[in-house]
Amino acid sequence: MVTGRVHSVESCGTFDGPGIRFIVFMQGCLMRCKYCHNRDSWDEDAGDEMTVEQVLEQVRPYKHFFKSSGGGITVSGGEPILQAEFVTALFTACKQEGIHTTLDTNGFIRGQDEKMDALMQVTDLVLLDLKQIQDKIHIDLTKVSNRYALSFARHLQKINKPVWIRYVIVPGYTDDQLSAQLLAEFLHPMDNVVHIELLPYHSIGAYKWQQYGDTYELAHIHPPSQLTMQQLKKTFNIYGLKVVL
Ligand code: SF4
């Protein structure tokens with residue numbers, strides 16, 4: 001029986017996908033984003049081991065909320081693709097019960113390509129975090145290359161999977177016009193991209209780094225200004241991309 005390691009769950013989320021969502025945060029992530037607010041989700045061996053049925057038992061009581069709001073289940077992380085087999089089994093069971101499925105991922109699918117086909121067949125919507133289009137800055141920000149995430153984005157275009165792009169605006173790393181313009185040029189031809197969410201950087205999870213004895217490098221960085229957010233929105237709009245702030 002396939003099991004997954006679950007970091008935590010949230011019963012009535014309204015942020016990670018359409019409508020009211022039951023959110024399952026999976027344990028484990030291979031990126032090392034400097035602004036990570038889920039530092040405690042990195043370790044693949046931590047969290048609680050759960051079966052699909054154990055998760056579903058918690059999801060079912062909210063089905064009427066899903067129906068009335070157009071919601072469903074969202075699996076997030078950490079990085080859920082690291083447990084692709086479990087998420088596929090969970091989404092398959094959800095689809096059998098008429099529950100809308102959303103995958104919130106950083107797209108770092110290195111070595112997982114074959115498993116992704118099965119997962120995408122039972123995924124209604126992908127929330128894809130694109131951290132930075134310029135790879136040198138991406139590596140500085142996350143410790144890994146962006147080529148896997150960009151390749152996954154192109155694959156989602158090919159299979160015409162609905163995608164919401166998420167782009168965190170981190171002053172000094174992703175708030176420049178050139179990066180926004182290059183990302184807009186990349187996304188512009190993708191008809192499957194429903195919209196882009198521009199998310200202002202925050203340091204809410206910094207305390208978790210201290211709990212692990214790690215240095216939170218961005219402690220001196222403040223959230224971007226409203227003006228910066230509006231200027232970046234305009235850049236994406238120029239390319240005909242819908243932006244959600
Ligand atoms: S991808 Fe998400 S969970 Fe992983 S390090 Fe980055 S912010 Fe943290």
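Author: Let's start with a rule: two residues count as being in contact if their C-beta atoms, placed from the backbone, lie within 7 Å. Keep in mind that this model is predicted.

Reader: Okay, so which residues does Tyr167 touch?

Author: Leaving out residues up to four places away in sequence, Tyr167 touches Leu130, Thr174, Leu183, Ile196, Glu197, Leu198 and Leu199. Tyr167 also turns up in the largest nonpolar core, which has 62 residues. Along with Val24, Val87, Leu90, Leu130 and Ile165, Tyr167 touches the most other members there.

Reader: What makes a residue part of a nonpolar core?

Author: The residue has to be a buried one from a list that includes Val, Leu, Ile and Tyr, and be joined to others through C-beta atoms within 7 Å. Helix α3 gives the largest share of this core, seven residues. In soluble globular proteins, nonpolar side chains tend to be buried together.

Reader: Why is Gln210 called exposed?

Author: The cut-off for exposed is 12 or fewer other C-beta atoms within 10 Å. Gln210 has 12, so Gln210 counts as exposed. Gln210 belongs to helix α8 (residues 206–211).

Reader: And why is strand β4 described as largely enclosed?

Author: Buried takes 20 or more other C-beta atoms within 10 Å. Five of the five residues of β4 (residues 72–76) are buried, so the rest of the structure largely encloses this strand.

Reader: How do you know that β4 and strand β5 pair?

Author: Pairing takes at least two bridges. β4 and β5 (residues 100–105) have four, in the parallel sense, so they count as a pair. Thr74, for one, has Thr102 in β5 as its bridge partner. Between these strands the chain goes through helix α3 (residues 84–96), and this β-α-β crossover is right-handed. β4 also pairs with strand β2 (residues 21–26), again parallel, over five bridges, and there Arg21 stands opposite Gly72.

Reader: What makes the pairing in the whole sheet mixed?

Author: Parallel pairs such as β2 with β4 sit in a sheet with an antiparallel pair, strand β1 (residues 3–13) with β2, joined by five bridges. In that pair, Val6 stands opposite Met26. The open sheet has nine strands, in the order β3-β1-β2-β4-β5-β6-β7-β8-β9.

Reader: Why are β3 and β9 said to stand at the edges?

Author: β3 (48–51) and β9 (243–244) each have a single partner strand, so one side of each has no neighbour in the sheet.

Terms used
Residues numbered from 1 in each chain as written. Predicted model: local features only at pLDDT ≥ 70, side-chain atom pairs only at ≥ 80, totals over all residues. Helix = DSSP H or I, 4+ residues; strand = E, 2+ residues; numbered from the N terminus. Right-handed = clockwise from strand over helix to strand, strands pointing away.
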